[in-house]
Amino acid sequence: MKKTILFVILQQYADWEAAYITSAITMLGQGEYDIKTVSLSKDYVQSIGGFRVMPDYDLSSVPRDYEALILIGGMTWRNENAQQIKTLVEECYQKGKVLGGICDASAFLGTVGILNDVTHTSNDINDLKQWAGPAYTGEARYIAKQAARDKNIITANGTAPLEFAKEILLALHVASEEKIWDWYNFHKLGYYTASMPQM
């Protein structure tokens with residue numbers, strides 16, 4: 001039985017923020033995982049780059065059994081209709097499953113109150129505080145890093161798709177830590193640098 005990973009994508013989602021994670025899960029996970037997409041409806045969702053995706057699920061058909069819920073950033077997380085995702089996020093959090101958000105989707109987690117008790121990051125602490133308002137009381141746990149993982153909560157800023165992917169792969173134990181770090185270093189450092197023996 002394959003393990004399901006749910007990716008939440010809204011209109012104008014950042015396609016590059018999902019690409020490293022999904023490809024790495026598929027390549028390193030040896031067929032153990034099913035990648036599925038969720039959106040507000042089953043109408044196609046268009047990425048910032050112009051890719052059109054027909055979501056596997058809308059909010060009324062999301063399966064109860066899944067390993068992780070990953071929120072991909074984009075241009076419409078601040079729209080009022082994005083608040084419909086809140087219940088799904090809360091359920092994931094309460095079940096203790098892996099929950100991730102990158103770029104504006106990480107700040108969205110702040111609006112739901114998910115970041116208050118975990119070490120986390122986002123694009124900008126002041127923007128996070130302003131947008132999340134009283135729902136966010138976790139400023140003391142904010143770190144200015146590319147990505148952060150605490151318990152099962154993973155956050156990253158919008159320039160950190162590789163770091164975000166690495167932390168998700170580690171949280172899910174998709175492969176051995178050594179293989180995950182090898183994958184990360186290969187993509188981060190480049191073909192020639194990463195493949196050279198380390199002295």
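This report describes the fold of one protein chain, then two helices, an aromatic cluster and a few single residues.

**Overall fold**

The model is predicted. The protein has seven helices and eight strands. Its radius of gyration is 16 Å, close to the 16 Å that the globule rule gives for 199 residues, so the protein is as compact as a globular protein of that length. Along the principal axes, the C-alpha atoms fill a box of roughly 50 × 40 × 35 Å.

Of the 199 residues, 49% count as buried. The accessible surface comes to about 10,000 Å². Carbon and sulfur atoms account for 50% of that surface. Contacts reach far along the chain: among those between residues at least 6 apart in sequence, 60% join residues at least 24 apart.

**Helix H6**

Helix H6 runs over residues 177-189. At 1.5 Å a residue, its 13 residues should span 18 Å, and the end C-alpha atoms are 18 Å apart, which agrees. Ile 180, Trp 183 and Tyr 184 are buried in H6. They cover an arc of only 95 degrees around the axis, which puts them on the same side of H6. What do the buried residues of H6 pack against? Their partners are helix H1 (15-28) and helix H5 (161-172). Gly 190 follows H6, and its phi is positive, near 100 degrees.

**Aromatic pairs and the cluster**

A pair of aromatic rings is described by the distance of the centres and the angle of the planes. The structure holds five aromatic pairs. One of them joins Phe 186 and Tyr 191: the centres are 6.0 Å apart, the planes stand at 80 degrees, and the pair is edge-to-face. The rings of Tyr 191 and Tyr 192 have centres 5.0 Å apart and planes at 85 degrees, so this pair is edge-to-face. Phe 186, Tyr 191 and Tyr 192 form one aromatic cluster.

How accessible are the members of the cluster? Phe 186 counts as partly exposed, at 39% relative accessibility. Tyr 191 is exposed, with a relative accessible area of 53%. Tyr 192 is exposed as well.

**Helix H2 and Leu 99**

Helix H2 covers residues 86-94, and Leu 88, Val 89 and Cys 92 are buried there. Seen down the axis of H2, these buried residues fall within an arc of 100 degrees, so they line one face of the helix. They pack against strand S1 (3-8), strand S2 (33-38), strand S5 (68-71), S6 and helix H3 (104-111). Gly 96 follows H2, with a positive phi near 75 degrees.

Leu 99 lies in strand S6, residues 98-102. Is Leu 99 buried or exposed? Its relative accessible area is 0%, so Leu 99 is buried. Leaving aside neighbours within four places in sequence, its contacts include Val 89 and Cys 92. Leu 69, Leu 71, Leu 109 and Ile 114 are also among the contacts of Leu 99. So are Asn 152, Ile 153 and Ile 154. Leu 99 and Leu 71 are 28 residues apart in sequence, yet 7.9 Å apart in space, C-alpha to C-alpha.

**Tyr 136**

Tyr 136 sits in the loop between helix H4 (125-132) and strand S7 (147-150). At 7% relative accessibility, Tyr 136 counts as buried. Not counting residues up to four places away in sequence, Tyr 136 touches residues including Gly 110, Leu 115, His 120, Leu 128 and Tyr 142. Tyr 136 and Ile 168 are 32 residues apart in sequence and 23 Å apart in space, C-alpha to C-alpha.

**Positive phi outside glycine**

Most residues other than glycine have a negative phi. Gln 30 has a positive phi, and His 173 has a positive phi too. Both are listed here.

| Residue | Phi | Loop | Relative accessible area |
|---|---|---|---|
| Gln 30 | near 50 degrees | between H1 and S2 | 66% |
| His 173 | near 55 degrees | between H5 and H6 | 63% |

Gln 30 is exposed. His 173 counts as exposed.

Note on methods
Residues are numbered from 1 along each chain as its sequence is written. This is a predicted model: local features need pLDDT of at least 70, side-chain atom pairs count only at pLDDT 80 or more; totals for chains, interfaces and linings use all residues. Side-chain values use heavy atoms; hydrogens and water are left out. Helices (H or I, at least four residues) and strands (E, at least two) are DSSP runs, numbered from the N terminus. The expected span of a helix is 1.5 Å times one less than its number of residues. Buried means under 20% relative accessible area, exposed over 50%, partly exposed in between (1.4 Å probe, protein chains only). The arc is that of the directions from the helix axis to the C-beta atoms. Contact means heavy atoms within 4.5 Å. The radius of gyration is taken over C-alpha atoms; the globule rule is 2.2 Å times the number of residues to the power 0.38. Accessible areas come from the Shrake-Rupley method with a 1.4 Å probe; for residues, only the protein chains shown count as cover. Rings of Phe, Tyr and Trp (its six-membered ring) pair if their centres lie within 6.5 Å; planes under 30 degrees apart count as stacked, over 60 as edge-to-face and the rest as tilted.
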